[in-house]
Amino acid sequence: MLDYQQLHQCNDEIGPIFVLEDNDYRILSFGDNDEQSKILKAKPHVPQHTYIQAMLAVLLFSTPKSAIILGLGGGGLVHALRRFDAGIKLTAVELRQDVIDISKRYFQLPIGKKLNLVHQDGGEFLAKGDHKRADIIFADMYIEQGVDEKQLTKEFIEHCHKGLKADGFLVLNCWKEHSKSELLKQTLSQQFANVYATLTGGGNWVIYASKQPHSFSAASNKQQLQQLSQQLDYPVGRSLTRFTQWE
């Protein structure tokens with residue numbers, strides 16, 4: 001990321017946080033060669049990372065009135081969900097207060113009555129259960145070294161299940177290597193009726209788990225893909241070229 005200039009730097013008990021930018025993009029980073037979040041400054045609602053594009057494909061299968069986002073980062077999911085429907089009640093849970101402050105100051109986070117920002121560990125937030133059940137839980141808890149292993153545990157997945165409405169979805173962002181985890185697959189299958197996943201071009205394994213038996217035919221329906229692509233302002237179908245039932 002040599003072409004980017006440093007706009008901001010701070011440190012907390014976990015480590016450094018950087019904000020970098022060039023003429024077009026702004027990046028949130030936790031270390032060398034690390035991109036936690038990236039926005040196109042002229043269109044912050046268009047996700048720049050393939051894993052966020054893939055996570056948003058759940059909107060083919062659900063029209064949520066509420067969603068919980070675990071791991072705020074630069075607010076990429078918040079921006080895109082606001083573009084999809086400004087009326088969705090969003091709760092974004094972030095471990096690091098500095099990340100919340102930075103997302104407001106540098107990443108055009110769309111603050112409003114429909115967005116509740118919570119400074120807390122995502123796992124603890126779910127375990128405490130002091131929130132209304134949501135239609136979708138987006139689990140995107142990452143540290144500099146990669147996936148926060150907490151979001152792969154049986155306890156975490158059980159808490160996600162409890163935190164969802166009867167027809168809710170869990171969208172879990174993992175790495176390609178987790179597609180080989182029989183334990184993770186088994187844990188999800190024990191809690192959820194259907195488990196599907198897609199492998200992104202960036203090497204992420206994005207999981208869609210539904211509490212109720214569900215038809216995922218929209219993943220290949222050209223008309224529905226085109227409609228959602230128009231709503232979100234990017235081609236959703238390219239995220240689903242390797243969409244499959246995980247069994």
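**Salt bridges in a predicted model**

Glutamate 182 is exposed (over 50% relative accessible area, 1.4 Å probe, protein chains only), with a relative accessible area of 53%. This is a predicted model, in which local features need pLDDT of at least 70, side-chain atom pairs count only at pLDDT 80 or more, and totals for chains, interfaces and linings use all residues. Residues are numbered from 1 along each chain as its sequence is written, and side-chain values use heavy atoms, with hydrogens and water left out. The structure holds 8 salt bridges (a side-chain nitrogen of Lys or Arg within 4 Å of a carboxyl oxygen of Asp or Glu).

Within one helix
- Glutamate 182 pairs with lysine 185 in a salt bridge, with 3.3 Å between the closest N and O atoms.
- Both residues lie in helix H6 (residues 182–191; helices are DSSP runs, H or I, of at least four residues, and strands, E, of at least two, numbered from the N terminus), 3 residues apart, about one turn of the helix.
- Lysine 185 is buried (under 20%), at 14% relative accessible area.

Between strand E2 and a loop
- Lysine 41 and glutamate 21 form a salt bridge, their closest N and O atoms 3.1 Å apart.
- Lysine 41 is in the loop between strand E4 (37–40) and helix H1 (50–55) and glutamate 21 is in strand E2 (residues 16–21), so the pair ties together parts 20 residues apart in sequence.
- Glutamate 21 is buried at 11% relative accessibility, while lysine 41 is partly exposed (between the two cut-offs) at 24%.
- Glu21, Arg26 and Lys41 are linked in a network of salt bridges.

Between two loops
- Aspartate 233 and lysine 43 meet in a salt bridge at 3.5 Å, N to O.
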